[in-house]
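Dear colleague,

I am handing over a structure that you have not worked with before, and I would be glad if you looked through it with the notes below at hand. The sequence and the coordinates come first, and the findings follow.

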Amino acid sequence: MTARRMTETTEARKKGGYMRNPPGSGQMSARKYAGIREWQAELSISWLFRTSIRLQTAFDRCFSPFGMTAQEAAVLLHCAEDGETSAGKLARTMGRDKGKITRFVDRLETSGFLTRKSDPRDHRLLIIKATSRGRRVVPQLKVRFEEIRGQFFEGVLNVDIDKLETVLSQLHANAERLCDEKAHKDTHG
C-alpha cells in the first residue's frame with residue numbers, strides 16, 4: 001500500500017468511513033469502526049494472517065525439492081539434533097499439537113527420513129530417530145532455513161526485528177490466553 005493510500009485510508013477511518021478490503025483492492029467493506037484503533041487492529045491482524053500464509057508458502061516451496069514441507073523439515077531437524085525423541089516432546093518443543101506432529105512423522109517415516117520403535121521401558125511410547133538418510137539431508141535443510149530467514153528479514157533493521165519479537169511475543173501470549181479461555185468455555189460451558 002502506498003503512503004498516499006495509507007494516509008487516505010487512515011483519514012477515511014478517522015472520519016468513520018469504510019475500510020478498503022483488502023487494502024488497495026478498491027473494494028469497500030460494509031463494516032464501520034468505532035475509531036482508528038479498531039481499524040488498525042483489524043488491518044494488523046489481516047497483515048499477520050496474510051504474511052503468515054505467504055511465509056508458509058515460501059518455506060514449503062523451498063523444501064519441496066527435498067520431498068517435504070517446512071514443518072516436516074523442522075521435525076526432521078529436531079529429531080536429528082535430539083538423537084531420540086517422542087511425538088509429545090516434539091509437540092511441546094514446536095508448539096504444535098501431537099496429532100499434527102504424528103502426521104509429519106508418518107510422512108517422514110514413509111519417505112525414509114525417520115524411524116519409530118517402541119521404547120523398551122514403556123511400550124506405549126514410540127521413540128523417533130532420524131535415519132542415516134535423514135541425517136545426511138539435515139545440513140542442507142539448515143542452510144535452506146538460514147537462506148529463507150535472511151531473505152525474509154532483508155531490509156529490516158535489527159532494532160525493528162527486536163521490536164517485532166517483543167510485539168509478537170505479547171501477541172502470542174494473548175493468543176494462548178484466548179485459546180485457553182475458549183477451551184475452558186467449551187468444556188465447562
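Leucine 48 is a useful place to start: in this predicted model, it counts as partly exposed because its relative accessibility is 41%, which falls between the 20% limit for buried residues and the 50% limit for exposed ones. Leucine 48 lies in helix H2, and together with Leu164, Val167, Leu168 and Leu171 it forms a nonpolar patch on the surface, with about 390 Å² of accessible area for the five side by side. Helix H7, which covers residues 158-188, gives the largest share of that patch, namely four residues.

Helix H2 itself deserves a closer look. It runs over residues 36-63, and its 28 residues, at 1.5 Å a residue, should span 40 Å, which agrees with the 40 Å that separate its end C-alpha atoms. While Leu48 of this helix is partly exposed, Trp39, Leu43, Phe59 and Phe63 in H2 are buried.

Two of these buried residues lead to the aromatic contacts, of which the structure holds four pairs. Phenylalanine 59 and phenylalanine 145 form a tilted pair, with 5.8 Å from centre to centre and 45° between the planes. Since phenylalanine 59 lies in helix H2 and phenylalanine 145 in helix H6 (residues 132-152), this pair ties together parts that are 86 residues apart in sequence. Phenylalanine 59 counts as buried because its relative accessibility is 13%, and phenylalanine 145, with a relative accessible area of 11%, is buried as well.

Phenylalanine 145 also pairs with phenylalanine 63, again in a tilted arrangement, with 4.5 Å between the centres and 45° between the planes. Here phenylalanine 63 lies in helix H2 and phenylalanine 145 in helix H6, so the pair ties together parts that are 82 residues apart in sequence. Phenylalanine 63 is buried, with a relative accessible area of 0%. Taken with Phe66, the residues Phe59, Phe63 and Phe145 form one aromatic cluster.

Finally, there are charged side chains placed over aromatic rings. Arginine 50 lies over the face of tryptophan 47, at 4.3 Å from the ring centre, and the charged end of arginine 133 sits over the ring of phenylalanine 113, at 4.2 Å from its centre.

With best regards

Notes:
Residues numbered from 1 in each chain as written. Predicted model: local features only at pLDDT ≥ 70, side-chain atom pairs only at ≥ 80, totals over all residues. Heavy atoms only, no water. Helix = DSSP H or I, 4+ residues; strand = E, 2+ residues; numbered from the N terminus. Expected span 1.5 Å × (residues − 1). Buried < 20%, exposed > 50% of the residue type's maximum accessible area, 1.4 Å probe, protein only. Phe/Tyr/Trp six-rings, centres within 6.5 Å; stacked < 30°, edge-to-face > 60°. Lys NZ or Arg CZ within 6 Å of the ring centre and 35° of its normal. Patch = residues over 30% accessible without salt bridge, like charges linked within 9 Å, V, L, I, M, F, W, Y side chains within 5 Å. Areas by Shrake-Rupley, 256 points an atom, 1.4 Å probe, with all protein chains shown as cover. Salt bridge = Lys/Arg side-chain N within 4 Å of Asp/Glu carboxyl O.
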